[in-house]
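Trainee: Please take a close look at the charged side-chain pairs in this model, and set out where each one sits and how much of it is covered.

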Amino acid sequence: MKRTFLLSTLSIALSTTLFAYDVAKAEQYNSFYSKMTQKVCASSKLFISAQETMKLIQDNKEYLLIDVRTDGEASVFGFSDAKSLHLPIERLFTKENLNKIPTDKPVIMVCHSGTRGTMAAIGLKQIGFQNIHVLKGGFVALAEANTPASAPQK
């Protein structure tokens, strides 16, 4: 009886350590990240600079800015035009919000400094969105790039 109990306990312990993570999810991430060589990362179009973003705005190009900050952050300041959406990262991946993201124009993820925007962009790319970018440096960089010369003409 003792021996059976010990063998059962040992086999349970070994099986839980063998599958201490989601194997299928690990394979999915491996497939995605294995392509991230130094050369690919160096030539990545994932990030867009604040100056490039200001030029898109100034030239009235096709794009969509998605603010992934919290509701509280967005209530202090944020975008207020037709070419922007506020979709907090904690609600970004709902079906309703994913359906709001266009696939026919550049989509730029924006947050305070770029961290949440990067996480959101990587998640969107992993589920199949293609034309996704991150505002490098977030609102901080955009505020610094907003000069009288770069501001949109009204």
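Mentor: A residue is called buried under 20% relative accessible area, exposed over 50% and partly exposed in between (1.4 Å probe, protein chains only). The model is predicted, so local features need pLDDT of at least 70 and side-chain atom pairs pLDDT 80 or more, while totals for chains, interfaces and linings use all residues. Numbering starts from 1 along each chain as its sequence is written, and side-chain values use heavy atoms, without hydrogens or water.

The setting comes before the pairs. The protein chain has nine helices and five strands (DSSP runs numbered from the N terminus: H or I of at least four residues, E of at least two). Along the sequence they follow the order α-α-α-β-α-β-α-β-α-α-β-α-β-α. Of the 154 residues in the protein chain, 31% count as buried.

There are six salt bridges (a side-chain nitrogen of Lys or Arg within 4 Å of a carboxyl oxygen of Asp or Glu). One of them joins Lys55 to Asp59, with 2.8 Å between the closest N and O atoms. Both partners are partly exposed: Lys55 has a relative accessible area of 48%, and Asp59 has a relative accessibility of 35%.

Another salt bridge pairs Glu62 with Lys105, whose closest N and O atoms are 3.5 Å apart. This contact links distant parts of the chain, 43 residues apart: Glu62 lies in the loop between α4 (50–58) and β2 (64–67), and Lys105 in the loop between α7 (95–98) and β4 (107–110). Lys105 is partly exposed because its relative accessibility is 21%.

The loop between α4 and β2 also holds Asn60. Although Asn60 is not a glycine, its phi is positive, at about 55°. Asn60 counts as exposed because its relative accessibility is 56%.

A salt bridge between helices is formed by Glu73 and Arg116, at 2.7 Å from N to O. Glu73 belongs to helix α5 (residues 71–76) and Arg116 to helix α8 (residues 115–126), so this pair too links distant parts of the chain, 43 residues apart. Glu73, at 25% relative accessibility, is partly exposed, as is Arg116, with a relative accessible area of 21%.

Finally, some of these pairings share partners: Asp71, Glu90 and Arg91 are linked in a network of salt bridges.
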